[in-house]
Amino acid sequence: MKLKSEYYLNEDVVALAKDLLGKVLYTKIGDEITAGIIVETEAYFGVKDKASHAYGGRRTNRTETMYAKGGIAYVYLCYGMHHLFNIVTAVEDEPHAVLIRGIEPLVGIDIIEARRRMPVTKGAIAAGPGSAAKALGIDKGFNAKHLEGDEIWVEDHKIRYSDNEIAASPRVGIAYAQEHALLPWRFFVKGNKYVSKPNKG
């Protein structure tokens with residue numbers, strides 16, 4: 001059920017971002033296990049991608065995690081308030097990553113509701129990368145954690161979406177990326193309320 005490290009070594013981050021839809025992301029914090037079905041992702045293509053933190057081979061204390069061998073978490077703070085969770089992919093020194101933008105709550109619903117202070121019937125509980133991370137209790141402490149460990153991991157529950165059920169669109173909030181801003185590297189499940197806006201396929 002738990003995805004093996006080899007899965008994350010795929011160097012086609014765009015294909016991987018699409019394939020991650022339907023996989024189940026878990027966290028275990030103390031005795032609390034929560035999980036959600038991944039319903040929205042974005043691919044970031046390392047040094048060649050103007051929207052990537054690693055564009056042009058940029059290496060800082062923050063981005064160093066992206067250069068690790070695929071299969072670890074990259075968590076950073078956005079706007080000083082939202083933690084965003086990414087899966088580092090590809091081989092060492094190829095800083096590809098998939099941003100998890102939306103999850104459909106599946107396990108530990110009561111814990112997720114308490115963390116987000118809203119009922120699971122509201123899509124906003126886990127739509128958007130900041131909300132998805134908060135729903136699963138993901139913060140900076142998860143940065144560089146291995147996804148084969150027992151704190152954060154991804155499982156395959158054989159949930160599959162057909163190409164007709166998946167939409168591809170430009171990524172959100174990256175106007176600064178010039179021509180790369182229009183690449184259709186955001187994937188989401190059509191009609192799922194836990195997908196952030198714009199969510200029309």
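Let me begin at a single residue: just after helix α2, Arg117 takes a positive phi of about 55°. Before going further I should say that what we are looking at is a predicted model, and that every value I quote has been computed from it. As general background, most residues other than glycine have a negative phi, and most peptide bonds are trans.

Arg117 follows a helix worth describing in some detail. Within α2, which runs over residues 109-116, the buried residues are Ile111, Ile112, Arg115 and Arg116. Why do these residues lie on the same side of α2? They do so because the arc they cover around the axis is only 125°. On the face turned away from that buried side, α2 carries the exposed residues Asp110 and Ala114. As for partners, the buried residues of α2 pack against three strands, namely β1 (24-29), β2 (32-45) and β5 (96-107), and against the helix α3 (129-135).

The contact with α3 can be followed from the other side, through Lys134, which has its place in that helix. Once we set aside its neighbours within four places in sequence, Lys134 is in contact with Arg115 and Arg116, and Arg115 and Arg116 are, as I said, among the buried residues of α2. Lys134 itself is partly exposed, at a relative accessible area of 47%. If we look from Lys134 to Phe188, the two are 54 residues apart in sequence, and their C-alpha atoms are 19 Å apart in space.

Let me now step back to the chain as a whole. How many helices and strands does the protein chain have? There are three helices and eight strands, and, read from the N terminus, their order is α-β-β-β-β-β-α-α-β-β-β. The radius of gyration is 15 Å, close to the 17 Å that the globule rule gives for 201 residues, so the chain is as compact as a globular protein of that length. The C-alpha trace spans about 45 × 35 × 35 Å along its principal axes, and 53% of the 201 residues are buried. If we take the contacts between residues at least 6 apart in sequence, 60% of them join residues at least 24 apart.

Turning to the surface and the charges, the protein chain exposes about 9300 Å², of which carbon and sulfur atoms supply 53%. There are 27 positive and 25 negative charges, and the mean positions of the two sets are 6 Å apart.

Finally, I would like to return to the backbone, where a few further places deserve a careful look. Ala90, although not a glycine, has a positive phi of about 75°; this residue sits in the loop between β4 (82-89) and β5, and Ala90 is buried, with a relative accessible area of 0%. Ala144, also not a glycine, has a positive phi of about 70° and lies in the loop between α3 and β6 (152-155). Is Ala144 buried or partly exposed? At 37% relative accessibility, Ala144 counts as partly exposed. The remaining place concerns a peptide bond: the one joining Lys197 and Pro198 is cis, with omega at about 0°, and Pro198 belongs to the segment after β8 (186-189).

Conventions
Residues are numbered from 1 along each chain as its sequence is written. This is a predicted model: local features need pLDDT of at least 70, side-chain atom pairs count only at pLDDT 80 or more; totals for chains, interfaces and linings use all residues. Side-chain values use heavy atoms; hydrogens and water are left out. Buried means under 20% relative accessible area, exposed over 50%, partly exposed in between (1.4 Å probe, protein chains only). Helices (H or I, at least four residues) and strands (E, at least two) are DSSP runs, numbered from the N terminus. The arc is that of the directions from the helix axis to the C-beta atoms. Contact means heavy atoms within 4.5 Å. The radius of gyration is taken over C-alpha atoms; the globule rule is 2.2 Å times the number of residues to the power 0.38. Accessible areas come from the Shrake-Rupley method with a 1.4 Å probe; for residues, only the protein chains shown count as cover. Lys and Arg count as positive and Asp and Glu as negative; His and the chain ends are not counted. The place of a charge is taken as NZ of Lys, CZ of Arg, CG of Asp or CD of Glu.
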